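User: I would like to go through the pockets of this protein. Please give the reasoning behind each statement.

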Amino acid sequence: MSNKNEKNWRQSTKLVRGGLDRSHHGELSEAMFLTQAYAYDSAEQAEQSFNGEIDHYVYSRYGNPTVSMFENRLALLEGADHCRAMASGMAAVYCALASKLKSGDRVVASRALFGGCEYVINTALPKFGVKTEFVDGSDLSQWEKALAKPVDIVFIESPANPTLEIIDIAAVAELTHKAGGKLVVDNAFASPILQKPLELGADIVTYSATKHIDGQGRVLGGAILSNDQSYIEDELQPFYRNVGPSLSPFNAWVLVKSLETIELRVTRQSENALAVASFLETLPSVDRVLYPGLSSHPQHDLAMKQMSGSGGTVVSFEIAGGRDAAFKALNKLSTIDIANNLGDLKSMITHPQTTTHQRLSDKEQAAMGISPSLVRLSVGIEDIDDLKEDLTRALG
Ligand SMILES: *Cc1c(COP(=O)(O)O)cnc(C)c1O
């Protein structure tokens, strides 16, 4: 059983001790329970386990002790009553929405979304008769117009990938509730350290744990968190048990250990990101730097308010000379990797137009602000001087 005091701990303590469920061996490090099923002492105990009279694991698609440790630790970090771990970030987004929606329901989402989220909202859900539409997330007047009509779910990501536009989560939550809907925030980009959407009024938060939560490039994982008990018990829980997007105990074990260091990693990554962004602003070959932590960002004040005074771990910028100049610069880097992941403790850079957002039409790319000269840099925990030297080599 986990510590009864854990809700009163400060964040750093929650991250290393929260949710710990020690076995009778007293192991100091969280145990990995690599098991599918669980044995009962008696037929009576089996019956009581299935009807919920006693707390006993029954099958790892429904629950597993290592997975529970991850769920409980992440719930403490988020300040949520409930957390369900998922096999990936996309499993989390799909299950959060599909468990709730039915044919005829209406979804409004911000336009600038991770590719998988765009597919779920634009293609997968409409196949089942869900009506979906998009607005420019940072433009509150578009939200006001779209949410003047009843809505079932509003789905957003902030900061937006890769342009780092900020959506006013509290304002969109208020409009969503007035329209009778629930606000779902995909918080993978900001991380649970910098932004807590439930505190800002969101109803459901999803994560790709693959990003900042692992942060070390190893496993896929995801999670759904909420304080809405009826959503969790009546909608998500039966969907989750029967559809089977469960996180594997091995991945849960990696992720529960990852949470121990997430605050240290994300804090250092954000400090490095701010330093890198300020440095890039001084380079003549860089036309424009997009980073919410810089006062040059159009929504700097809002970002500071809702992201714990940080601009996050990702910096996007435009290189003078378009695609050719961007490719040339990427090819000259020797410390920073060319890779399309983010939130990792190794710095990595990508050219969104030709990689992560390649599938979109020219018009869609333009609407999302993805130009041929734009690159996205996810900043790691390396020494800042090595990062600056590498960027100077490529751009100086
Ligand atoms: C990566 C990502 C996802 C998908 O996560 P996976 O773990 O790769 O399935 C969803 N949303 C956002 C914002 C992401 O960055």
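User: Why is the second largest pocket said to lie between domain 1 and domain 2?

Analyst: In this predicted model, domain 1 (6-31 + 63-259) and domain 2 (262-395) both give residues to its lining, so the second largest pocket lies between them.

User: What makes a residue part of that lining, and which residues are closest to the centre of the second largest pocket?

Analyst: A lining residue has an atom within 4 Å of a pocket point. For the second largest pocket, 25 residues line it, and M90, F114, S208, K211 and L342 are the closest to its centre. The space in this pocket is about 410 Å³.

User: Which helices and strands each supply at least two residues of that lining?

Analyst: α4 (89-98), α5 (115-124) and β6 (204-208) do so for the second largest pocket.

User: How many residues of each class are in the lining of the second largest pocket?

Analyst: There are 10 nonpolar, 11 polar and 4 charged residues. Gly counts as polar here.

User: Now the largest pocket. How much space lies in it, and which residues are closest to its centre?

Analyst: The largest pocket holds about 1300 Å³ of space. D55, Y57, S68, E71 and N72 are the closest to its centre, out of 39 lining residues.

User: What supplies the largest share of the lining of the largest pocket?

Analyst: α3 does, with 7 residues. At least two residues each come from α2 (43-50), α3 (65-78), β1 (82-86) and α9 (229-243).

User: How many residues of the lining of the largest pocket are charged?

Analyst: The charged class has 10 residues, beside 17 nonpolar and 12 polar ones. Asp and Glu count as charged, so D55 and E71, among the closest to the centre of the largest pocket, fall in that class.

Key: Residues are numbered from 1 along each chain as its sequence is written. This is a predicted model: local features need pLDDT of at least 70, side-chain atom pairs count only at pLDDT 80 or more; totals for chains, interfaces and linings use all residues. Side-chain values use heavy atoms; hydrogens and water are left out. On a 1 Å grid over the protein atoms alone, a cavity is a set of points where a 1.4 Å probe fits but cannot get out, and a pocket is an open set with protein on both sides within 12 Å along at least five of seven lines; lining residues have an atom within 4 Å of a point. Grid points are joined across faces, edges and corners, and a volume is the space filled by probe spheres set on the points. Helices (H or I, at least four residues) and strands (E, at least two) are DSSP runs, numbered from the N terminus. Domain bounds come from an automatic or database domain assignment.
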